[in-house]
Amino acid sequence: MDSYTVLYGVIGDPIRHSKSPVMLNRAFREAGINGAYAAFHVTPDTLGEAIAGIRALDFRGLNVTIPHKIEVMKYLDDIHPGAKAAGAVNTIVNEGGRLIGYNTDGIGYVRSLKEEAEPSLAGRRIVVLGAGGASRGILWALAQENPAKLMLANRTEEKARELAGAFASEFEIEPVAWTDLREACGSADVVINTTSVGMSPNADATPIDPSWLKPGAVASDLIYNPLKTKFVRDAEAGGCRGHGGLGMFIYQGAYAFEYWTGQAAPVGVMREAVMASFT
Ligand code: ATR
């Protein structure tokens, strides 16, 4: 680092578990960019001051994580349509003093799904489990791929109907009752778990019975702790193709890197850096 170093970071509460600094600093080094990325513990009561600090210190970029992804939007100068649709911002680009909010979670997830499991989603039948914050951005990003059918199920069914309704003017999402999932999953090419079911320490749980998926279908999970959930493991044992959540994390960071630097992200070394930090 020297007096030309361009600054980046991530804000959240909590934040010390974040793998983003390890991943992005490795990316800058690999790309020969004089940048530095740090993690900042910012609580909700100081969010506005933190964003003012970004402007004052002329940070080029910032990632935003839980619990600030929605609240941060009011401090920004512009919000990208994809982030508006997702209803949340996870990446800020400082364009000469104007702070622009993006959401790279949903598109990062879809890029990971295409790179690692299913190269083309066009014409596919997709079931999304869960209608929480993560689901919203992923639905929007999936819809951009022109699937044949996008189905959404949530334990609390009203939330699935509401979320499907929120996108009704842009694209069609079919709400599916949780009790009808067996049939929906049996006819799906891709089933995606966006719920927290199966996350450590409850790693023995699955959101649905993985044997409902047809052989050859993709079983995808946003969870990356554990790296391979029971849902994905059991589906693979039944002849499905598994896809874990780590790729979503890597590619949301890859898009952020690309928005900030204008260069292709060195995805391989970013993944290596994250994997090494687990051991
Ligand atoms: P995130 O922002 O990560 O999506 P969230 O907004 O808290 O997290 O959403 C959690 C999701 O997991 C919700 O869809 C939730 O379903 P409900 O809306 O019915 O609460 C889902 N979820 C949590 N525990 C679940 C369980 N035991 N079975 C099924 N779904 C569950």
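**Figure 1. Y75 in the predicted model counts as partly exposed, with a relative accessibility of 29%.** A residue is called buried under 20% and exposed over 50%, with partly exposed in between, so the value of 29% places Y75 in the middle class. In this predicted model, Y75 is found in the loop that lies between β3 and β4. When its neighbours within four places in sequence are left aside, Y75 is in contact with L47, G48, I51 and R55. For orientation towards the view of α9 and α10 below, Y75 and R271 are 196 residues apart in sequence, and their C-alpha atoms are 32 Å apart in space.

**Figure 2. An open sheet of 6 strands with mixed pairing runs in the order β2-β1-β3-β5-β6-β4.** The edge strands are β2 (35-41) and β4 (78-79), each of which pairs on one side only. Helix α2 (residues 47-57) packs on this sheet, where it touches β1, β3, β5 (91-95) and β6 (98-102), and the direction of α2 makes about 120° with that of β6. Within the sheet, strand β1 (residues 6-12) and strand β3 (residues 61-64) run parallel and are joined by 4 bridges, and one pair to look for is G9, whose bridge partner in β3 is L62.

**Figure 3. Strand β5 is mostly covered, with 4 of its 5 residues buried.** On one side, β3 and β5 run antiparallel and are joined by 3 bridges, with G61 standing opposite V93 in β5. β5 and β6 also run antiparallel, and 5 bridges join them; here the bridge partner of T91 is Y102 in β6. β5 and β6 form a hairpin with 2 residues between them, and G96 in the turn has a positive phi of about 60°. When following the side chains along these strands, the reader may recall that in a regular strand the side chains alternate between the two faces of the sheet.

**Figure 4. A second view of a sheet shows 6 strands in the order β9-β8-β7-β10-β11-β12, an open arrangement with parallel pairing.** β9 (174-175) and β12 (241-243) stand at the edges, and because each has a single partner strand, one side of each is left without a neighbour in the sheet. Strand β11 (residues 218-221) and β12 run parallel and are joined by 3 bridges, and the bridge partner of S220 is H243 in β12. Helix α5 (residues 133-143) packs on the sheet and touches β7 (125-129), β8 (149-153) and β10 (190-193), its direction making about 170° with that of β8. Helix α8 (residues 230-237) also packs on the sheet, touching β10, β11 and β12, and the direction of α8 makes about 170° with that of β11.

**Figure 5. Helix α4 (residues 105-116) and α5 have axes that come within 7 Å and cross at roughly 55°.** The two helices α4 and α5 are therefore oblique to each other, and their crossing is right-handed. The contact is made by G106, I107, Y109, V110 and L113 of α4, together with G137, I138, W140, A141 and L142 of α5. The residues of this contact of α4 with α5 divide into 8 nonpolar, 2 polar and no charged. Helix α5 is mostly covered, since 8 of its 11 residues are buried, and the buried residues in α5 are S135, G137, I138, L139, W140, A141, L142 and A143.

**Figure 6. Helix α9 (residues 246-261) packs with helix α10 (residues 267-278) at an angle of about 130°, their axes lying 10 Å apart.** α9 and α10 are therefore oblique to each other, and the crossing of α9 and α10 is right-handed. From α9, the residues L246, G247, F249, I250, Y251, G253 and A254 meet V267, M270, R271, V274, M275 and F278 in α10. The residues of this contact of α9 with α10 divide into 10 nonpolar, 2 polar and 1 charged. As an aid to reading the spacing of such contacts, an α-helix has 3.6 residues a turn, so residues three or four places apart point the same way.

Methods: Residues are numbered from 1 along each chain as its sequence is written. This is a predicted model: local features need pLDDT of at least 70, side-chain atom pairs count only at pLDDT 80 or more; totals for chains, interfaces and linings use all residues. Side-chain values use heavy atoms; hydrogens and water are left out. Axes are lines fitted to C-alpha atoms, for helices over the stretch in contact, and angles run from 0 to 180 degrees between N-to-C directions. Angles under 35 degrees count as roughly parallel, over 145 as roughly antiparallel, 65 to 115 as roughly perpendicular and the rest as oblique. A crossing is left-handed if the near helix is turned anticlockwise from the far one by less than a right angle, and right-handed if clockwise. Contact means heavy atoms within 4.5 Å. Ala, Val, Leu, Ile, Met, Phe, Trp, Tyr, Cys and Pro count as nonpolar, Asp, Glu, Lys and Arg as charged, and the others, Gly among them, as polar. Two strands pair if DSSP finds at least two bridges between them. Buried means under 20% relative accessible area, exposed over 50%, partly exposed in between (1.4 Å probe, protein chains only).
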